[in-house]
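Colleague: Could you take a close look at one part of this model, the packing around a central strand, and tell me how it sits within its chain? I would value a connected account with the cut-offs spelled out.

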Amino acid sequence: MKAIVNVFLKPGVLDSQGKAVHHALSSLHFENVKDVRVGKQIVLQLDEENIEKAKKDVETMCEELLANTVIEDYTIEIEK
Amino acid sequence: MKVGVLQFPGTNCEYDTQYAFKKLGAQTEIIWHKDTAIAPDTDLVVVAGGFSYGDYLRSGAIAKFSPIMKAVAEYAKKGGKVLGICNGFQILTEARMLPGALKRNEHLHFLSKHHHLKVENNDNDFLKKLNVGDIVNIPIAHHDGNYYIDEEGLKSLWDNNQVLLTYCDANGNELNPNGSVASIAGVCNKEKNIFGLMPHPERAMEKLLGSDDGIAMLEGFLA
C-alpha cells in the first residue's frame with residue numbers, strides 16, 4: 001500500500017518560497033498565475049493491508065514528525 | 001558551574017559554546033546525542049547550533065527524537081535550565097519545549113552577519129545581567145530563523161514576559177532581518193527555565209573578533 005502525504009504551510013502563514021516562485025513566473029510573463037504555494041510531498045510504501053490502520057498510522061506519523069502542525073497542514077492519500 | 005553541551009550529527013557550534021563557557025570559568029562537557037542521561041550536577045544544558053541531521057525534513061525535526069532529548073525534557077521538567085542557540089532553538093520548538101516555530105527566512109537568503117538585538121525582558125536567568133532596552137551586537141547565521149507564532153500565542157508571550165530579544169538597529173529601532181513575527185529573536189517558556197534564540201552569543205566573546213556582548217548574556221547563567 002502506498003501513502004502520499006502532502007505538507008503545506010497553513011493558510012495565513014506567509015509562504016516566502018511560493019511568493020518567490022510566483023514572482024519568477026511573473027517575470028517569465030505567465031501573468032495569469034494568481035497564487036503559488038510551495039509544499040512537499042512524502043511518499044510512503046507501507047507493508048499494511050488494512051486501509052483504516054494505514055490511515056491512522058500515517059496520521060500519527062504526520063503529527064509526530066512529517067509535519068510541524070504549528071505552521072503546517074497535511075493531507076493523506078492512500079493508494080492500493 | 002557545570003555546563004553540558006549537546007552534540008548531534010551535524011552540530012557545529014559545540015566547541016565555540018564550550019570555549020565561551022570555559023572563558024567564563026565554567027566546567028563544560030560535550031554530551032553525545034545517543035547518551036540517555038544528563039549528569040545530575042549539571043547546571044545548564046546547551047543545545048548548540050549547527051545543522052543537526054543536515055536539516056532534513058525541517059530544521060531540528062529529526063534531532064528531537066534523539067535519545068538525549070528525552071533526558072533533556074525530564075531535566076527541564078524538574079526545573080533544570082536549558083538554552084537552545086540557533087539550531088538548538090529550532091530543536092526546542094520542534095520538541096514543543098518552546099512555543100512557536102522557525103520558518104525559512106522571508107527573503108529566502110542564508111543570513112550571516114552581526115545584528116543588533118534589544119533586551120525586551122530580563123526577569124530571567126539568561127538576561128538578568130542586562131537591562132531592559134539594552135542593545136547588544138551578536139552574530140546571526142541562519143536560513144530558517146523566521147519566528148512564527150499565532151496571534152494568541154504572541155499575546156501570551158508578551159503577557160508573560162517570555163519575549164527575550166528582538167532584532168533592531170544600532171539605535172534600538174526595530175529592524176527585522178528575517179520576517180520574524182514582532183521581530184522576535186529569542187523567547188523562553190512560561191516557567192523561564194528553557195531559553196531559545198537564533199543569534200549566537202557564544203560567537204561574541206572577544207572584542208577583537210567584533211563583539212564581546214555575548215559575555216553579559218551567558219554570564220547570567222553563572223550566578
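Modeller: Buried residues, meaning those with 20 or more other C-beta atoms within 10 Å of their own (12 or fewer counts as exposed, anything in between as partly exposed, with C-beta atoms placed from the backbone), make up 52% of the 223 residues in chain B. This is a predicted model, in which local features need pLDDT of at least 70 and side-chain atom pairs count only at pLDDT 80 or more, whereas totals for chains, interfaces and linings use all residues. Residues are numbered from 1 along each chain as its sequence is written, while chains are lettered from A and ligands numbered from 1 in the order in which they are written.

Chain B contains 5 helices and 11 strands, these being DSSP runs (H or I over at least four residues for a helix, E over at least two for a strand) numbered from the N terminus. Its radius of gyration, taken over C-alpha atoms, is 16 Å, close to the 17 Å of the globule rule (2.2 Å times the number of residues to the power 0.38), so chain B is as compact as a globular protein of that length. Of its contacts (C-beta atoms within 7 Å) between residues at least 6 apart in sequence, 75% join residues at least 24 apart.

The part to examine closely is strand β3 of chain B, residues 44-47. Both of its faces are covered, since L44(B) and V46(B) on one side are buried, as are V45(B) and V47(B) on the other. Strand β1 of chain B, residues 2-7, pairs with β3(B) in the parallel sense over 4 bridges, where pairing requires that DSSP find at least two bridges between the strands. Within that pairing, L6(B) has V47(B) as its bridge partner. Strand β4 of chain B, residues 81-85, also runs parallel to β3(B) and is joined to it by 4 bridges, with V46(B) standing opposite L83(B). Together with helix α2(B), strands β3(B) and β4(B) make a right-handed β-α-β unit; right-handed here means that, with the strands pointing away from the viewer, the path from the first strand over the helix to the second runs clockwise.

Two of the residues just named return in the largest nonpolar core, which has 66 residues and in which L6(B), V46(B), V72(B) and L164(B) have the most contacts. Such a core is a set of buried Ala, Val, Leu, Ile, Met, Phe, Trp, Tyr and Cys residues joined through C-beta atoms within 7 Å. Helix α2 of chain B, residues 67-77, gives the most to this core, with 6 residues. In soluble globular proteins, nonpolar side chains tend to be buried together. As for L164(B), its contacts beyond four places in sequence include F126(B), L127(B), V187(B) and F195(B). A second, separate core has 6 residues, among them A3(A), C62(A), L66(A) and Y74(A).

For contrast, strand β2 of chain A, residues 40-45, is hardly covered, with 0 buried residues among its 6. Strand β1 of chain A, residues 2-9, is joined to β2(A) by 6 bridges and runs antiparallel to it, and V5(A) has I42(A) as its bridge partner there.

Definitions and conventions: Two residues are in contact if their C-beta atoms, placed from the backbone, lie within 7 Å.
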